[in-house]
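Dear colleague,

Please find below the structure that I am handing over to you, followed by an account of what was found in it. I should be grateful if you would read the two side by side.

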Amino acid sequence: MPASSGRPSLNYHLLAHSKASDDLRHLILEISRAAKYISYAIQTTETGLSGTTNQFGEEQVKLDVLSDTLISRSLVESGSVCCYISEEHEDVVELDSKAPFTVVFDPLDGSSLVDANFAIGSIFGIYRTSDIIGRTPREQVAALYVLYGPRTLLVYTVGGGKGVHEFILNDVGDFILLRDHLGVCDDAKNFSPGNLRAISENAAYGSAVDRWLKEEKTLRYSGCMVADIHHILSKGQGIFTNIGGGPKSKYPVGKLRHVFECGPFAYLVEEAGGIATDGSMPILDKKITSVDQRTAILIGSKNEVKATEKLLR
Ligand code: AHG
Ligand code: MN
Ligand code: MN
């Protein structure tokens, strides 16, 4: 898309529409810069290049590790991040104690899909505080994700009723507005059921799936949370679930992580008019107890999330 298209850039949108503070705007732009490098790395990396050796016999860095390194570097260079929490690190990584923001992120979500050339993504949540343990995802001041598919898209919100906005990476490396004010309506036609293996131990989850099938809803599940929830924001309806199988199962409370997967998406989808719960309470109000905490999640169209919650009780 040419720069002359007249569509606002991410920078201008943050400045003029969202009226984000300068430090938050710079941080989001710095994150978007890392995303461009990740997007390029995905496109130029050889097939099968997930932790193997390349044709020259050189050790290849796994794409999720490379993505983590690129993002970490951007956060350091922003000068505004006191610490970050990444899927690739066991603990909180401290940077500059005097800086205002904590960033939580999944550098590459759906990384096992890379070799199959499916869409994958990066997820980010931003807090204006130094310690998020004991706090809730509602305290985020922005959330965004980047989807590396046939096109590279970035979707962000700064919350507070300012909306959820979608940008496309153009040929000269700018994120340009594609659609503003994405919305999620109350009823869903599509369903996206994660961790289906849980059904063998959790019959209620099976009943929810049966209901979707009986109602002839359309299945849209890729195995990448970013792509699957982007589908909901893009089509304006749908439900995505990842439910646990109970105490004896592989993922007792669900597979996804509260801090850097579910929290940011809950912030985005609620801002777009949908809801996100763990089956009994809003994800946004669920206390963060540890870096790698997992949670069940039902997210998307309000009426569908509530109806499914009832079946799971
Ligand atoms: P990651 O690649 O960061 O480990 O995350 C993959 C996640 C998420 O994107 C997706 O919704 C889920 O794993 C898929 O799990 P199932 O294959 O068990 O449904
Ligand atoms: Mn993930
Ligand atoms: Mn990941």
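**The two manganese ions**

The manganese ion (ligand 3) lies 3.8 Å from the manganese ion (ligand 2), and aspartate 106 coordinates both. Please bear in mind throughout that this is a predicted model.

For the manganese ion (ligand 3), the donors are Glu87 (OE), Asp106 (OD) and Leu108 (O), at 2.0 to 2.3 Å. Along the chain these donors follow the spacing E-x18-D-x1-L. Glutamate 87 sits in the loop between strand 1 and strand 2, whereas leucine 108 belongs to strand 3, so the pair ties together parts that are 21 residues apart in sequence. Glutamate 87 counts as partly exposed, with 29% relative accessibility. Leucine 108, by contrast, is buried, its relative accessible area being 2%.

The manganese ion (ligand 2) has as its protein donors Asp106 (OD), Asp109 (OD) and Glu261 (OE), which lie 1.9 to 2.2 Å from the ion. Their spacing along the chain is D-x2-D-x151-E. Since aspartate 109 is in strand 3 and glutamate 261 in helix 6, the pair ties together parts that are 152 residues apart in sequence. Both aspartate 109 and glutamate 261 are buried.

**Ligand 1**

Ligand 1 is surrounded by 17 residues, of which the closest are Asp109, Gly110, Arg197, Tyr221 and Met225. Asp109 is also one of the donors of the manganese ion (ligand 2). Three polar contacts may be of interest for your work:

- Tyrosine 221 places a polar side-chain atom 2.4 Å from an oxygen atom of ligand 1.
- Arginine 197 has a side-chain N or O atom 2.9 Å from an oxygen atom of ligand 1.
- Leucine 108 has a backbone N or O atom 3.5 Å from an oxygen atom of ligand 1.

**The eight-stranded sheet**

Strand 3, which holds aspartate 109, belongs to an open sheet of eight strands in the order 2-1-3-4-5-6-7-8, with mixed pairing. Its edge strands are strand 2 (93–94) and strand 8 (175–179), each of which pairs on one side only. Helix 5 (residues 225–235) packs on this sheet, where it touches strand 3 (101–109), strand 4 (120–127), strand 5 (140–148), strand 6 (152–157), strand 7 and strand 8. The direction of helix 5 makes about 105° with that of strand 5. Helix 6 (residues 258–271) lies across strand 1 (81–86), strand 3, strand 4, strand 5, strand 6 and strand 7, and runs at about 100° to strand 5.

Strand 3 and strand 4 run antiparallel and are joined by six bridges. Aspartate 109 has glycine 121 in strand 4 as its bridge partner. On the other pairing of strand 4, eight bridges join it to strand 5 in the antiparallel sense, with phenylalanine 124 standing opposite leucine 144 in strand 5. How many of the residues of strand 4 are buried? Eight of its eight residues are, so far as the model shows. Ile120, Ser122, Phe124 and Ile126 point one way from strand 4, while Gly121, Ile123, Gly125 and Tyr127 point the other way. In a regular strand, side chains alternate between the two faces of the sheet.

At the other end of the strand order, strand 7 (residues 164–169) runs antiparallel to strand 8, and four bridges join the two. Isoleucine 168 has isoleucine 176 in strand 8 as its bridge partner.

**Histidine 13**

Histidine 13 is part of helix 1 (residues 10–17). Is this residue buried or exposed? Histidine 13 is buried, because its relative accessible area is 5% and buried means under 20%. Beyond its neighbours within four places in sequence, histidine 13 is in contact with Pro8, Ser18, Tyr156, His165, Phe167, Leu177 and Asp180.

**The five-stranded sheet**

A further open sheet has five strands in the order 10-9-11-13-12, again with mixed pairing. Strand 10 (218–219) and strand 12 (275–277) stand at its edges with a single partner strand each, so one side of each has no neighbour in the sheet. Strand 11 (residues 239–242) and strand 13 (residues 297–300) run antiparallel and are joined by four bridges; the bridge partner of isoleucine 239 is glycine 300 in strand 13.

Helix 4 (residues 203–214) packs on this sheet and touches strand 9 (190–194) and strand 11, its direction making about 155° with that of strand 9. Helix 5 lies across strand 9, strand 11 and strand 13, at about 150° to strand 11. Helix 5 also packs on the eight-stranded sheet.

With kind regards

Technical notes. Residues are numbered from 1 along each chain as its sequence is written. Chains are lettered from A and ligands numbered from 1 in the order in which they are written. This is a predicted model: local features need pLDDT of at least 70, side-chain atom pairs count only at pLDDT 80 or more; totals for chains, interfaces and linings use all residues. Side-chain values use heavy atoms; hydrogens and water are left out. Two strands pair if DSSP finds at least two bridges between them. Contact means heavy atoms within 4.5 Å. Axes are lines fitted to C-alpha atoms, for helices over the stretch in contact, and angles run from 0 to 180 degrees between N-to-C directions. Donors are N, O and S atoms within 2.8 Å of the metal (3.2 Å for Na, K and Ca); water is not among the atoms, so sites may look incomplete. Buried means under 20% relative accessible area, exposed over 50%, partly exposed in between (1.4 Å probe, protein chains only). A residue is near a molecule or strand if one of its heavy atoms lies within 4 Å of it. A polar contact is a pair of N or O atoms within 3.5 Å; within protein, one must be able to donate a hydrogen and the other to accept it, and residues adjacent in sequence count only if both atoms are side-chain atoms.
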